[in-house]
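Grab a pencil and work through these exercises with the model open beside you. Try each task before you read its solution.

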Amino acid sequence: VLLDWRWILGVLLATATGCAGCDGDETTSPTGPGSGGGGGMGGTPDLGPAASPKAIVRFKGAARLRIELARTLDLPPAEVCKELGLYDCFTLVHRVVLGDTDAFFSSVYEPLEHTATTTPLAVDRVVMAACTNRAYRDFGTPATALIWSDLEMNGQALADPDAESVTAAIDRLYQRGLGRRAKESEIDHHKQLYADIVAAGTSTEPARDWATLSCFATLTSMEMLFY
Amino acid sequence: MDKRILMNRRRVLQALAAATAGVAASDTCWRARGARAAGDGPYFFIGLCCFGGANIIDSFMPIKASEAFDPATLDCFPDAEVLENPQVSPLRVVDAKIQTVIGLDLPAEQTIQLSPIVAKHYQQTMVATLECTSVNHVVAQHRSLTGGGAWSGRTIPEVVAQAYGEGLPLPNVNMATLGYLEPGDDVSIPTWAMAEAVPQPLLMPLSLSGYRGVAGAPQGDLVGLARDMRNGEIDPESSFYQTFRHSERLERWKQQRSHDAKLVEDGNLIDKLIFVPDVPQAPFSQFGLQSSEDAALLNTVFPGILSNEMDPLEQQAALAFLLLKHRVSASVSLSPTFAPVLGGVPELLGVKNPPLSFDGAHNDHRSAQAIMWQRMLGIADKLIDLLKATPFDDQTGESMWDRTMIHFATDFGRSKRRPPDAMTWGTAHDLNNGTVTISPLVNGNSLLGGVHKGESAELDGHTYGFDIETGVADPGRKTTEAEHFAGLVQALGIDTSAAGLPDVPCMRNGG
């Protein structure tokens, strides 16, 4: 009987401890695992999501990435990224380094076992092309903008970087790309990025550059690239 | 008929003799330079992977018909097609006459010459027999680079990259395919020494920057701000990362993103490695990019780069040169593929690279082997010339070639027999073979092992081994993959004692 009680107590304790990690509400998550922040109700330390013991993730690869970028940014797949305006990034130029096979043109019959040194650069490149494409379309025809809509402009800059419309645009980006709402901290980071771009003083079109780079940072995040 | 193909035989023999005389005089100096270099790195490795099975008795160890037990049924050559000068070199070479290509009749008989290239480089050419262990393409290709798993399964390019490539942007670039592209089996090899696959050399430089050349992309300093936010805030704070924070793949990604790829991008390699001039099919300047300063030279040396039938092997060779010249890589691997390449001379029906490359021997052995050997040796010849003209160290006067090894890796050999008196026939895969290595680092002008001839119909055409210390031919031995691997790696100045590999001094210069 004593053993049974000890077992039940153990289960209860483990469940209570794990709950902080199981919480799906990301807006209340701490700044990092093991941060020791006292955010939980009733003084329970919020340790952030529990680490997966198996930690098995996979890189999405060229074909999945292309489809997801096309869907997220509502671009025809063939227009997501073309190198030199001529060659499709996903089916030709970066296909293998992005983790797909290429039997017909390169006799590569199996995907790479690991992401390669240049894979992050190829990812940055294809996402940059896609985000640039979307930003040009949205800023070019604001009336039909998909993500960067309703932004009040002051010349080439945002009229009010803290405006609700800016928050809404960031949130749209997250919902379309990552399938969830942006956390407050994430929105703050994106707004800070705008401030940093303006402070750098090198951009002649800070609003559009910010939109491109916000999109770029979000869609090259690990959450986007791995599953 | 193409005069290049019909080069005067007497001139070739004269060139061979003249070159030999020159080498005899300078032989001492040349050997001393190689010996000093051993163990004193860095050294560079070029794997010329002979996709499909390059048969050594169709190039450097040909058998004359007069030497064969049964010439009618052996893969041998009319005596006049086999060139040699035993007084100056143990190497032979064949200038084969062919009447067909991929089984199709040619308008006229053609001679596929290997001798001009061999005459130029034989002093630094080592031919070593080899008995491999698989006749499956993928398995055999992989074993040709791992020595049959001799050193915990690591490949020669991985060994070279680990020894001499640390800190280089892309220490091990692999443009080859199939088994030649597979990583080694040694999990202890650091990720930076593992091969970077490059299937599209022409456009590969575009993957060396995350934003340059992307139309409308913000400037680099602004991209840096976004990356800082992503790497320092967005990713570490995400529930996804926190949940999978122990993932090896994510750890690798972080390392590659923040260090390895950054090294590549910061080196501005995109401007150094574009090897074609601005052309309509590659309008780099329209996207703010520029060609390498060597682009014009490379397109002269490798005219097939941008021709109508863009030659992938020439593109690989051009990129290989730039990767070595700019010290981007310590090892580069090249290979043709199963795919044919046209655009060759009309006398050969335009076939520059037969379908299946060396494996086209299933269909038409003699022409596939002859054309492919000439093609691979031609690529090596051009690379050697380019590397000789590229300084390694202005102080010592060394060129890049003084520190480079070109190894003709191959899947396996081919079967030795043919139907009686056939000039066009097909061959199968065979474990028995040999390989060619050209380098100042190896025991040049040497033939290690030998080939059976005039003994019996069954034995003729099969190679035999050698004493791995002295290099003396031994008909009772077969050279193993591990011995072969050890000899090459040791010639590159790499200590193999930890791997327990045999010492093979006869394969290294000054050994």
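A residue is called buried when its relative accessible area is under 20%, exposed when that area is over 50%, and partly exposed in between, using a 1.4 Å probe and protein chains only. This is a predicted model, so local features need pLDDT of at least 70 and side-chain atom pairs count only at pLDDT 80 or more, while totals for chains, interfaces and linings use all residues. Residues are numbered from 1 along each chain as its sequence is written, chains are lettered from A and ligands numbered from 1 in the order in which they are written, and side-chain values use heavy atoms, with hydrogens and water left out.

**Exercise 1. Warm up with burial**

Task: Glu483(B) forms a salt bridge with Arg477(B); work out whether Glu483(B) is buried or exposed.

Solution. Start with the pair itself. A salt bridge is a side-chain nitrogen of Lys or Arg within 4 Å of a carboxyl oxygen of Asp or Glu. Here the closest N and O atoms are 2.6 Å apart, which fits that cut-off. Next, look up the accessibility: Glu483(B) has 8%, so it counts as buried. Its partner Arg477(B), at 24%, counts as partly exposed.

**Exercise 2. Sketch chain A**

Task: Find how many helices and strands chain A has, and put them in order.

Solution. First, the rule: helices (H or I, at least four residues) and strands (E, at least two) are DSSP runs, numbered from the N terminus. Counting that way gives 9 helices and 4 strands in chain A. Now walk along from the N terminus, and you should get α-α-β-β-α-α-α-β-β-α-α-α-α. Finally, add the burial: of the 227 residues in chain A, 49% are buried.

**Exercise 3. Check a helix with a ruler**

Task: Compare the span you'd expect for helix H6 (residues 164–178) of chain A with the distance between its end C-alpha atoms.

Solution. The expected span of a helix is 1.5 Å times one less than its number of residues. H6(A) has 15 residues, so it should span 21 Å. Its end C-alpha atoms are 21 Å apart, and that agrees. Now repeat with H2(A): its 13 residues should span 18 Å, and the ends are indeed 18 Å apart.

Then look just past each helix. Gly179(A) follows H6(A) and has a positive phi, near 70°. Asp74(A), just after H2(A), also has a positive phi, of about 50°.

**Exercise 4. What covers H6(A)?**

Task: Name some buried residues of H6(A) and find what covers them.

Solution. Pick out the buried ones, among them Val166(A), Ile170(A), Leu173(A) and Tyr174(A). Then search for contacts, meaning heavy atoms within 4.5 Å. The cover includes helix H2 (61–73) and helix H7 (184–200) of chain A, along with helix H5 (220–237) of chain B. Turn to H2(A) next: its buried residues include Leu65(A), Leu69(A) and Leu73(A). H6 of chain A is one of the elements covering the buried residues of H2(A).

**Exercise 5. Where the chains meet**

Task: Describe the interface of chain A and chain B by its contacts, its buried area and its salt bridges.

Solution. Count contacts first: 73 residues of chain A touch 68 residues of chain B. The size of an interface is often given as the accessible area lost when the parts come together. Buried area is that loss with a 1.4 Å probe, summed over both parts. For this pair of chains it is about 6,100 Å², with 66% of it on carbon and sulfur atoms. Leu84(A), Arg125(A) and Met222(A) supply 14% of the area that chain A buries against chain B, more than any other three residues.

Now for charges. There are 2 salt bridges between the chains. In one of them, Asp124(A) pairs with Arg230(B), with the closest N and O atoms 3.1 Å apart. Those residues also belong to a network of salt bridges linking Asp124(A), Arg227(B), Arg230(B) and Glu265(B).

**Exercise 6. A long-range tie**

Task: Where do Lys120(B) and Asp381(B) lie in chain B?

Solution. Check the bridge first: their side chains meet at 2.8 Å, N to O. Lys120(B) is in helix H2 (residues 115–121) of chain B and Asp381(B) is in helix H11 of chain B, so the pair ties together parts 261 residues apart in sequence. To finish, compare accessibility: Lys120(B) is partly exposed at 38%, while Asp381(B) is buried at 13%.

Conventions:
Buried area = accessible area lost by both parts, 1.4 Å probe.
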